[in-house]
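Trainee: I would like to learn how to read a model of two protein chains, feature by feature. Could we begin with the general idea each time and then turn to the case at hand?

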Amino acid sequence: MKKLLSVLLSVLCVAWMILPASADILPFDPSELENEIEVPEEIPAEPDEEVPTAVDPEAEDQPLTVEPTAERIPVPVVILCVGVVVIALALLVWLIVRRRNPKKGA
Amino acid sequence: MLLILNSIAHFLVDALCAATVFGPVRAAGDTALLILLYNTLAFSTQCLVGLAADRIRRHGWAASCALVLVAAGFALPLPPVWRILFVGCGNSVFHVAGGSMTLEDSGGRAGPLGVFVAPGAIGVTLGMLFPDWGWIYAPIAVLAAVLIVPLSTRRSPQSQTSGQRAIPSPMLPVILLTLAVAVRAVGGSVVSFPWKTGVWLSLVLTLAVWAGKTAGGFVCDRLGPAKSAIVSIPAAALLIAFGSAWILPSLAGQFALNLTMPVTLWLLYRAMPDAPGFAFGLAASALWPGTIAGMLIPLTGPAAWILTLASFLFGILAILYSSKTIQRGEDSLPPEKESTI
């Protein structure tokens, strides 16, 4: 058991060192979001800068991709999800009521 | 008489809600979030209100209270959020209550439904364009609230319980029709009308919507739901997808598109005749998520055309399938003594 744990820990340590963007894979801290969102505003948009591309594995964790996601998620998407859930729940309730009382309205 | 009063009340409710949002609420400052809140209250809650209405069955009182609530939301000196709560909840309750009364009294016809739903479009447009007219609508709405109660209590007990019997397995048609409403809203949100620049052109477009909804019920009674869909939806799809840049094709497209609205609603009611409030509320609830989804899909050109055509194609397939399934379900019901169908 100890041997297995030590092997697992070794693998984790090696993975931690190898993975280039390991810090960004850690559980997301919402308090960091505001800092990360502010970053693009401070970076001057110079054409000579290296632009992260979709094929760059590190690019996915750059703040530039965090910003639109953080802005897109808000209210309309939440309302869309709430609307769909409410309809699904209402249909479920109606179905249950109908099964309990199939002759209702006859 | 009650149908005419409910139709006028529908116009007043939608006009007062729009006048509140685009009048006092807008004047108070940032409105984007409040408009989202209003639409969520007014639309997404209708299926829940419908479930409650089908159990309580006091549609006259509910409609009357909703009218007063909406008038108060416009006229009282309330903070913007409270105004939105008043008019949003009032709108939701009135639509379900008025729609339930109309469906129950329709005698199995779609015509009255079209007459009831159509004036709302004019109300919304006038309320948005002329918010100050709300001071005219508010006292009339209170008067209508007073008149609705005695008229609704005079309804026959037969109509209040609906004469039709529930079909054995309506779930798939109900889901398909609900999806059709949502998908049609997605397709409708993608299209824009660049020629709609002034007040008069907005009113003309609204008149086409009103005429389409009103005619839709009668066309459905005359041709049946399947033929109505076949006549109207392909024409609407082509005219709206490819002709929205010009006035006349757009007007004809809106007329044809709105013909199907009472057809879908009436089919939903036929699928669940024991739950008129839920049938009406479910269709309205599906509109808002569909509209939001359409707003979140930034398409132009051919992509927008394809989405519009696909949404309309789904609508016609849903109506055809549901119509056939519901008819088969109704035919399979055993004959009943004192049947009123």
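Mentor: Let us begin with what counts as an element: helices are DSSP runs of H or I with at least four residues, strands are runs of E with at least two, and both are numbered from the N terminus. Please keep in mind throughout that this is a predicted model. Read in that way, the elements of chain A run α-α-α-α-α from the N terminus on, which is to say 5 helices and 0 strands.

Trainee: How many helices and strands does chain B have?

Mentor: Chain B has 15 helices and 0 strands.

Trainee: What share of the residues counts as buried in chain A, and what share in chain B?

Mentor: The cut-off to remember is that buried means under 20% relative accessible area. In chain A, 14% of the 106 residues count as buried, whereas in chain B the share is 57% of 341 residues. For the accessible surface, chain A exposes about 8600 Å², with carbon and sulfur atoms supplying 67% of it, while chain B comes to about 14100 Å², of which 73% belongs to carbon and sulfur atoms.

Trainee: In chain B, what part of the contacts joins residues at least 24 apart in sequence?

Mentor: Here one takes the contacts between residues at least 6 apart in sequence, and in chain B 86% of these join residues at least 24 apart. S323(B), in helix α15 (residues 301-332), offers a case to look at, since leaving aside its neighbours within four places in sequence, this serine is in contact with P225(B), A226(B) and L267(B).

Trainee: Why does S323(B) count as buried?

Mentor: Because its relative accessible area is 9%, and the cut-off is under 20%. The reasoning is the same for T102(B) in helix α5 (residues 80-105) of chain B, which counts as buried because its relative accessibility is 5%. Not counting residues up to four places away in sequence, T102(B) touches L3(B), P112(B), L113(B) and F116(B).

Trainee: Which residues does I79(A) contact, leaving aside its neighbours within four places in sequence?

Mentor: I79(A) lies in helix α5 (residues 75-100) of chain A, and the residues it contacts on that count are L36(B), T40(B), W288(B) and I292(B). With a relative accessible area of 11%, I79(A) is buried.

Trainee: How many residues of each chain are in contact across the interface, and what area do the two chains bury between them?

Mentor: On the count of contacts, 19 residues of chain A meet 34 residues of chain B. The two chains bury about 2100 Å² between them, with 78% of it on carbon and sulfur atoms. The side of chain A that touches chain B has 15 nonpolar, 2 polar and 2 charged residues.

Trainee: How many salt bridges and how many residue pairs in polar contact are found between chain A and chain B?

Mentor: The count of salt bridges between them is 0, and the rule likewise finds 0 residue pairs in polar contact across the interface, where both residues must be at pLDDT 80 or more.

Trainee: Let us finish with the backbone: what is phi of R57(B) near?

Mentor: As a general idea, most residues other than glycine have a negative phi. Phi of R57(B) is near 55°, a positive value in a residue other than glycine, and R57(B) is found in the loop between α3 (46-56) and α4 (59-75) of chain B.

Notes. Residues are numbered from 1 along each chain as its sequence is written. Chains are lettered from A and ligands numbered from 1 in the order in which they are written. This is a predicted model: local features need pLDDT of at least 70, side-chain atom pairs count only at pLDDT 80 or more; totals for chains, interfaces and linings use all residues. Side-chain values use heavy atoms; hydrogens and water are left out. Buried means under 20% relative accessible area, exposed over 50%, partly exposed in between (1.4 Å probe, protein chains only). Contact means heavy atoms within 4.5 Å. Accessible areas come from the Shrake-Rupley method with a 1.4 Å probe; for residues, only the protein chains shown count as cover. Buried area is the accessible area (1.4 Å probe) that two parts lose on being put together, summed over both. A salt bridge is a side-chain nitrogen of Lys or Arg within 4 Å of a carboxyl oxygen of Asp or Glu. A polar contact is a pair of N or O atoms within 3.5 Å; within protein, one must be able to donate a hydrogen and the other to accept it, and residues adjacent in sequence count only if both atoms are side-chain atoms. Ala, Val, Leu, Ile, Met, Phe, Trp, Tyr, Cys and Pro count as nonpolar, Asp, Glu, Lys and Arg as charged, and the others, Gly among them, as polar.
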